[in-house]
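Biologist: I should like to learn how to read a structure of this kind. Might we go through it together?

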Amino acid sequence: MVELTVGYVAGLIAFTVAVVQLWSPNTLVFIIAGLLRDKNTAATWGVAGRAIQNSLWPEFLQTDTSLTRGVRGDVNILVKSIHVMRALIAIAGIITPLGLYSAVAPSSRVVPTFYYAKDLSPFGISTPPRSNLSLARTCSSGHGAFTQGPAACPYTNDLVIETGFGNGTVSFDFPHDLTTNVPDILREIYGSGTAGLRTTVSNYFDIEYRLYSTVTSKYRNNGSAFLVGAFRQMDSVILNDNVQPVEGLIVDTKHGGVGLRNHTLPADIGRGATWEEDLLFIEPYTVCVDTNLTLDFSVSADISGDFAQNISLVDQGGFANLNKTYPYYDRDNGQQDPDLKGRAYKAAWMNNAWTMLYLNVTNPNNETSGLKSFSYLNSTVGKEFPLEYSSLMQYDALGISSNFGNYLNLLGGDGGDYPNPFNMDSGNFSDISMICSGAGSGDIANISNILVNCGLMRGAARRHDGGSDLYFESGSRWSSPLYACASSVRATIKTVSFLLNGTEELKDLSVTDVRPKVYPNNDSIPLWGVEETGKSMDEISPIWGLVSPAYENYPNISVIKAESLHLPGYSDSSDVSSKRTYQNMPGSDFFKAVSKYAYDISDNSDTYGPRVDYTGYANMALYVKWQNLSSSPETAPKIIDLIWTDSAAAVVVGTKGVLGAGNVGSPSEAARVSVRPMTNQIKYRWLFGIPALIVVLICMVIGSLAFCTLIFRRHNLTIMRRHLNQSSAGRLLTGFLYPEYCNLDTNSRVWSQTVGQNVVDLGGDNALMSLLARNNFSKGGTVVQETPIAGEGDGFLVPRTPSPYNGHTLSPQFPPPPQLFPPHIHQG
């Protein structure tokens with residue numbers, strides 16, 4: 001059903017008016033013609049003639065005035081143009097209003113007050129109130145279970161005495177209890193980039209764990225409780241494919257990432273409003289490379305269950321066409337370019353090369369024997385290498401693991417059905433993730449050692465026997481691609497567009513656009529800082545944030561001026577399957593835990609119960625989504641980014657909003673955000689205005705022609721009046737009948753008061769025409785009847801000398817004129 005808009009209603013009205021305008025005058029003319037008699041006053045003939053000739057009846061009945069034979073060409077064109085213009089104006093009058101429509105649209109900007117809006121979704125009702133306890137930091141010294149122990153954190157006055165023993169163990173003594181408080185100087189440095197700016201952009205200290213718990217330690221805070229983060233899933237938005245606000249976050253399940261915002265809404269807006277804010281986003285960035293290997297299998301199903309059989313690793317070029325040159329990537333320039341593609345390619349190359357050694361497809365380099373690597377190659381494209389049943393336990397699920405080569409039996413180097421002549425084991429394959437990441441627990445925690453997680457993705461299987469991908473039919477053949485992927489996490493500022501529909505609740509707040517912030521010049525690009533302590537990454541989690549240029553050369557800090565900051569860390573951190581954290585530094589830890597979790601979804605359980613199923617094993621809609629995305633290495637990265645985003649949404653919140661930190665800041669901290677209230681406005685679709693535009697252009701041409709006529713043809717109103725008289729039926733008749741009393745230049749009022757009231761009989765067989773012909777010669781005889789007809793004038797002519805008549809009916813005074821008409825027409 002067509003929706004009626006303001007424009008359509010106006011168009012219907014205009015169409016109706018046009019029909020009425022066409023019908024009513026012509027119908028009235030029809031009535032006038034019916035009321036006319038053959039005998040009427042000259043004035044009646046003039047007025048009625050004007051109405052009749054201006055109607056459509058001449059065109060419809062094809063009478064004299066509609067025919068063009070003998071008409072001057074220029075006059076004929078202009079007369080026809082009148083009809084064309086009438087038609088165009090009628091069409092424009094109907095079509096032009098169709099473009100009108102009513103819409104609720106943004107109006108001029110205002111600066112309203114904002115208020116906190118509670119989220120009533122599962123995220124909101126599961127998020128506890130913010131604790132009065134602050135961040136809690138713990139640091140350590142040493143590595144490993146026997147040598148690692150507590151240490152004083154930067155800028156604290158803590159003292160730890162370490163004592164080493166000959167057996168390799170170390171003891172740690174504390175003259176005073178350690179503190180978990182973050183010193184004010186660190187808050188000042190890493191909050192300086194947004195301090196006092198009245199901005200909506202969050203910083204490091206505006207990030208908090210969504211869930212938290214309290215713990216105690218006899219060595220810390222004199223036994224007082226301090227906060228740690230906690231992990232529990234509360235809802236999943238991974239299938240939503242949109243950008244939505246939840247308690248404390250903007251969650252982007254279109255591209256991946258979370259924006260930090262403690263949600264506030266403008267007050268007293270009415271219909272709603274639209275506005276923009278700059279927000280800090282934490283987002284994953286992933287690249288995948290095809291190994292050109294697939295896991296192919298068939299499904300066996302009976303009443304007792306189903307499983308994969310005939311499992312084989314298929315060489316799609318990953319062995320036969322492997323580049324024999326060992327690859328390298330640039331790990332020294334991680335902030336400018338983390339080279340994730342180079343890392344993922346190296347991981348894919350090593351996975352394939354190590355697998356080839358395991359399967360005895362080729363050989364490694366042997367310096368003792370002098371045998372060069374890849375001396376032989378026992379594979380071709382399409383060759384299948386059968387695998388054990390245990391290689392694919394969950395065939396109907398997506399697989400992502402940080403363990404490369406997990407499709408092989410790597411326990412103890414036993415090759416199963418393969419000789420494994422080079423004794424490849426899990427240790428060889430576990431090195432791949434470390435090499436791809438570029439940093440481990442013993443590397444220094446600084447701005448250069450960025451977090452990179454690497455792993456092997458087994459794509460969601462798709463049928464290659466022509467059947468449907470939506471059900472696992474017994475005997476059907478399936479194939480899963482294998483990709484090597486690498487991910488980093490970056491902090492960046494984005495401009496977010498909001499739309500509130502006027503109900504003043506968070507559920508009615510929508511995000512209409514998210515785009516990278518545009519910086520007008522180099523000076524406006526943000527300055528990022530990362531803490532430099534000299535400690536390794538398993539000893540401390542460095543603080544980072546937007547910093548003021550005043551701290552650019554401050555000690556123990558590295559800075560970079562860039563649109564984004566790749567966050568520091570290493571890939572072996574605890575993931576969110578751990579029930580709680582060991583400290584409360586979410587800005588340093590949460591993204592590492594979420595990244596590790598995203599690369600280990602294949603293991604669907606842990607000590608604390610089942611994880612969220614991101615494999616699609618228990619969710620067919622998710623499995624279909626993974627089938628589509630894992631069909632190519634270009635779209636497969638989005639899988640990891642979405643898993644990261646969905647997990648992060650349950651882990652952290654942003655505490656800063658328009659009203660400042662915690663939305664309880666002073667008025668001087670509140671951001672000044674202008675909004676555009678939504679108002680009901682009349683808008684127009686300009687395509688419908690084309691007919692009106694054509695009419696306007698033609699009118700301009702007509703106006704120009706009229707001006708030229710006025711100037712160059714010396715045209716004026718006097719000439720116009722004369723031509724009107726010349727084309728008046730009543731004036732023409734009396735001009736022939738009473739030339740002594742009027743002519744074409746006689747004033748219209750004088751003409752109306754004299755001869756205009758005389759009755760002219762146009763009945764019979766053209767009697768008047770015969771009369772006019774005779775009168776043209778004799779100036780005498782006439783058949784004009786002066787006796788007035790009731791209602792058509794009661795005056796008589798004032799006689800002039802010589803009078804052409806002396807009674808009511810005059811006879812010819814001269815012989816009849818030559819015959820002007822055919823013999824069958826009566827001439828009077």
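Biologist: Is T194 buried or exposed?

Modeller: Please note at the outset that this is a predicted model. A residue is called buried when its relative accessible area is under 20%. T194 has a relative accessibility of 9%, so T194 counts as buried.

Biologist: Where is the place of T194 along the chain?

Modeller: T194 belongs to the loop that runs between helix 6 (184-190) and strand 8 (207-209).

Biologist: Which residues does T194 touch?

Modeller: Leaving aside residues up to four places away in sequence, T194 touches T199, V201, S202, N203, L546 and K656. With N203 there is also a polar contact, made between the two side chains at 3.3 Å.

Biologist: Which residues make the nonpolar surface patch?

Modeller: L4, V9, L12, I13 and V17 make a nonpolar patch of about 450 Å² on the surface. V17, one of these residues, lies in helix 1 (residues 6-35). The relative accessible area of V17 is 39%, and V17 is therefore partly exposed.

Biologist: What pLDDT does the chain average?

Modeller: pLDDT expresses the predictor's confidence in each residue. The chain averages 85, and 88% of the residues score at least 70.

Biologist: Over which residues does pLDDT stay under 50?

Modeller: One such stretch is residues 604-610, for which the model has 11 contacts beyond four places in sequence. Residues 776-828 also stay under 50, and for them the model has 80 contacts beyond four places in sequence.

How values were computed. Residues numbered from 1 in each chain as written. Heavy atoms only, no water. Helix = DSSP H or I, 4+ residues; strand = E, 2+ residues; numbered from the N terminus. Buried < 20%, exposed > 50% of the residue type's maximum accessible area, 1.4 Å probe, protein only. Polar contact = N/O pair within 3.5 Å; in protein donor to acceptor, adjacent residues only side chain to side chain. Contact = heavy atoms within 4.5 Å. pLDDT = per-residue confidence, 0-100. Patch = residues over 30% accessible without salt bridge, like charges linked within 9 Å, V, L, I, M, F, W, Y side chains within 5 Å. Areas by Shrake-Rupley, 256 points an atom, 1.4 Å probe, with all protein chains shown as cover. Salt bridge = Lys/Arg side-chain N within 4 Å of Asp/Glu carboxyl O.
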